[in-house]
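User: I am in my first year and would like a close look at the charged side chains in this model, especially the ones that pair up. Could you take me through them slowly and explain each term as you use it?

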Amino acid sequence: MLEVQDLKTHLFLKRGVVRAVDGVSFDLAGGETLGLIGESGSGKTMTGLSLLGLPPKPAGRIVAGSIRLGGTELVGMGEEELAADVRGSRIAMISQDPMTSLNPVFTVGSQVAAPIRAHVADGNARGAALDMAVRELDRVRVPSASARARDYPHQFSGGMRQRVVAAMAIACQPEVLIADEPTSALDVTIQVQLMDLIERIQGDTGAGLLFITHDLGVAASLCHRIAVMYAGRIVELAEVEALYRDPRHPYSQGLLASVPRLGQRKRLTSIPGNPPNPLSLPTGCAFHPRCPHATDQCRNEAPPEVTLNDGDGQSRRVACWLEA
Ligand code: SF4
């Protein structure tokens, strides 16, 4: 459904160029959930925004690569065509913070109806679009959807606001749904409800889900495959069980070793050092200043990406000299 090949999105700042997404490749099938995990600044959100053709303006630009959605090339597509035919209709996003996704001066019903009026053929009449918006609010289990559609965002709790954002995202039955840390601003119990909801929505619609998170527990429970990002690159991509059972890239190993486990008596380990300055990435492998296995080769040459056989017809990709 979605094929991303060697995607590069750079930010052209006064102080230099940030290679926010630096040669990312993955695919996503209908009904599949691919997790994008990594520390803040690793390029997860920028990858999601690039799929929507929305790298931050004026500094951000897709400089190379390909994004094919059902055979349609999106890189190089004009802004008007993206807005009319792709964004919101074929690819939609549930963002981190519902308060910045919702306009405080419009009712939630009119906001859910907006993409329907823009993209759904028989939804362009205001009344029809509002009826459809109420159905979407009901689908995401907003109680008394018909009455609540007339309320404003400030009259909703954080969890309910995130449901409204989900209703907006699925209103046009997109083929690809991007969920960018959708639970990070919510209480744990509300997080579970929202995760269940997202899973159910995906089951109903058959959409491919790109799930961006730094919560490894949530990723393990929701995703079929996981892509681990570091400094704008995918350093490991594997089936979820294989990755959690046997992470091969030292960064993946460090991330998983830092997750607390019930009953664990050992001291938790952490990855030494800090994520690199994006304006001056280390030479060679960007992870080398923090890697316990770094060699001179790692310091001088970027590792190639290799495909490893995980058995049972599964494979994984790793970018590390230890596996090359
Ligand atoms: Fe560590 Fe070298 Fe592998 Fe990079 S390439 S993760 S520095 S061993």
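Analyst: What follows is a walk through the salt bridges, and then through two residues with polar contacts. The model is a predicted one, in which local features need pLDDT of at least 70 and side-chain atom pairs count only at pLDDT 80 or more, while totals for chains, interfaces and linings use all residues. Residues are numbered from 1 along each chain as its sequence is written, and side-chain values use heavy atoms, with hydrogens and water left out.

Side chains of opposite charge can pair when their charged atoms come close. The structure holds 16 salt bridges, a salt bridge being a side-chain nitrogen of Lys or Arg within 4 Å of a carboxyl oxygen of Asp or Glu.

Arginine 316 is a good place to begin, since its side chain forms a salt bridge with glutamate 236, where the closest N and O atoms are 2.6 Å apart. This pair links distant parts of the chain, with arginine 316 in strand 12 (residues 314-319) and glutamate 236 in strand 10 (residues 233-239), 80 residues apart. Helices (H or I, at least four residues) and strands (E, at least two) are DSSP runs, numbered from the N terminus. Both arginine 316 and glutamate 236 are buried, and for arginine 316 the reason is a relative accessibility of 1%; buried means under 20% relative accessible area, exposed over 50%, and partly exposed in between, with a 1.4 Å probe and protein chains only. Arginine 316 also meets aspartate 310 in a salt bridge of 3.0 Å, N to O.

Within helix 5 (residues 126-139), arginine 139 and glutamate 136 are separated by about one helical turn, because they lie 3 residues apart, and their side chains meet in a salt bridge of 3.1 Å, N to O. Glutamate 136 counts as buried because its relative accessibility is 9%.

Salt bridges also link Asp27, Glu32 and Arg225 in a network. Arg225 is among the residues that threonine 33 touches, when residues up to four places away in sequence are not counted, contact meaning heavy atoms within 4.5 Å. Threonine 33 is in strand 3 (residues 33-37), and its side chain is joined to that of glutamine 202 by a polar contact of 3.0 Å. A polar contact is a pair of N or O atoms within 3.5 Å; within protein, one must be able to donate a hydrogen and the other to accept it, and residues adjacent in sequence count only if both atoms are side-chain atoms.

Arginine 68, in strand 4 (residues 60-69), reaches the backbone oxygen of glycine 71 with its side chain at 2.5 Å.
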